[in-house]
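Student: Please choose one part of this model and examine it closely, giving the cut-off behind each term as you go. I would like one connected account that also says how the chosen part is placed within the whole.

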Amino acid sequence: MNEQLQQAHTREAFYRRDRRSVALARTFARDTLTDWGITDRVDDVLLCVSELATNAILHGAPPGRGYALRLCGHRDAVLRVEVRDSGTGDLRKVNTPYRDLDADSGRGLLLVSVVADKWGVGERAPGKAVWCEFVVGQG
């Protein structure tokens with residue numbers, strides 16, 4: 001098991017509602033994983049960071065606001081990715097990752113649900129937090 005992950009770690013960054021922030025969020029996540037010594041499942045984690053950040057920009061963060069990305073490494077070798085926004089999105093829609101597969105968009109949460117070990121959404125005041133988890137450090 002990854003020694004760095006045996007101790008709980010948390011890093012968080014805030015981004016403006018701007019499409020360019022998705023690349024910044026991905027870089028932040030990659031740098032964090034590198035600092036924590038996590039080398040497995042990096043592509044899966046970065047894909048989910050991209051999808052959750054994009055959803056926050058398109059559907060979560062109101063104009064003039066942004067979203068927070070939080071990465072938590074837990075003692076049980078679980079990495080949690082959480083994106084929090086202050087939007088008023090319908091949690092029932094967020095909890096249903098399936099969209100029309102012939103559509104040009106709408107598959108982000110479907111990808112997250114397939115790639116991550118667990119995922120979910122929760123209310124917060126204001127807004128919501130969409131999260132996913134990965135078992136890491138066991139390779």
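Tutor: What follows is a close look at one helix, and then at the surroundings into which its buried side leads.

This is a predicted model, in which local features need a pLDDT of at least 70 and side-chain atom pairs count only at pLDDT 80 or more, while totals for chains, interfaces and linings use all residues. Residues are numbered from 1 along each chain as its sequence is written, and side-chain values use heavy atoms, with hydrogens and water left out.

The protein has five helices and five strands, where helices (H or I, at least four residues) and strands (E, at least two) are DSSP runs numbered from the N terminus. Along the sequence they follow the pattern α-β-α-α-β-β-α-α-β-β. Of the 139 residues in the protein, 45% are buried; buried means under 20% relative accessible area, exposed means over 50%, and partly exposed lies in between, with a 1.4 Å probe and protein chains only. Among the contacts (heavy atoms within 4.5 Å) with a separation of 6 or more, 68% are between residues 24 or more positions apart.

The part chosen is helix α2, residues 21-35. Its 15 residues should span 21 Å at 1.5 Å a residue, and the end C-alpha atoms are 21 Å apart, which agrees; the expected span is 1.5 Å times one less than the number of residues. The buried residues of α2 are Ser21, Val22, Ala25, Phe28, Ala29, Thr32 and Leu33. Because they cover an arc of only 130° around the axis, they are on the same side of α2, the arc being that of the directions from the helix axis to the C-beta atoms. On the face turned away from that buried side, α2 carries the exposed residues Leu24 and Thr34. The cover over the buried residues includes β1 (9-16), α3 (42-60), β2 (66-73) and β3 (78-85).

Leu71, in strand β2, shows one place where this cover can be followed residue by residue. With a relative accessible area of 0%, Leu71 is buried. Leaving out residues up to four places away in sequence, Leu71 touches, among others, Phe28, Ala29 and Thr32, as well as Trp36, Arg80 and Val81. Leu71 and Phe28 are 43 residues apart along the chain, and their C-alpha atoms are separated by 9.6 Å.

After α2 comes Gly37, whose phi is positive, near 75°. Arg41, in the loop between α2 and α3, also has a positive phi, of about 65°, although it is not a glycine. At a relative accessible area of 24%, Arg41 is partly exposed.

The next helix, α3, has 19 residues and reaches 25 Å from its first C-alpha to its last, close to the 27 Å expected at 1.5 Å a residue. What covers the buried residues of α3 includes α2, β2, β3, α5 and β5.

Both helices contribute two or more residues to the largest nonpolar core, as do β1, β2, β3, α5 (108-115) and β5. A nonpolar core is a set of buried Ala, Val, Leu, Ile, Met, Phe, Trp, Tyr and Cys residues joined through side-chain atoms within 4.5 Å. This one has 33 residues, of which Leu52, Tyr67, Leu69, Val81, Cys132 and Phe134 touch the most other members, and α3 gives the largest share, nine residues.

Cys132 makes contacts that include Cys48, Leu52, Val81, Val112 and Ala116, again not counting residues up to four places away in sequence. Ala116 is placed in the loop between α5 and β4 (118-123), and at 8% relative accessibility it counts as buried. Beyond its neighbours within four places in sequence, Ala116 is in contact with Arg41, Cys48, Cys132, Glu133 and Phe134, which leads back to the loop after α2, where Arg41 lies. The C-alpha atoms of Ala116 and Arg41 are separated by 9.5 Å, with their positions 75 residues apart along the chain.

Glu133, in strand β5 (residues 128-135), is buried, with a relative accessible area of 14%. Its side chain is joined to that of Arg80 by a polar contact of 2.9 Å, a polar contact being a pair of N or O atoms within 3.5 Å; within protein, one must be able to donate a hydrogen and the other to accept it, and residues adjacent in sequence count only if both atoms are side-chain atoms. Arg80 is also among the residues that Leu71 touches.
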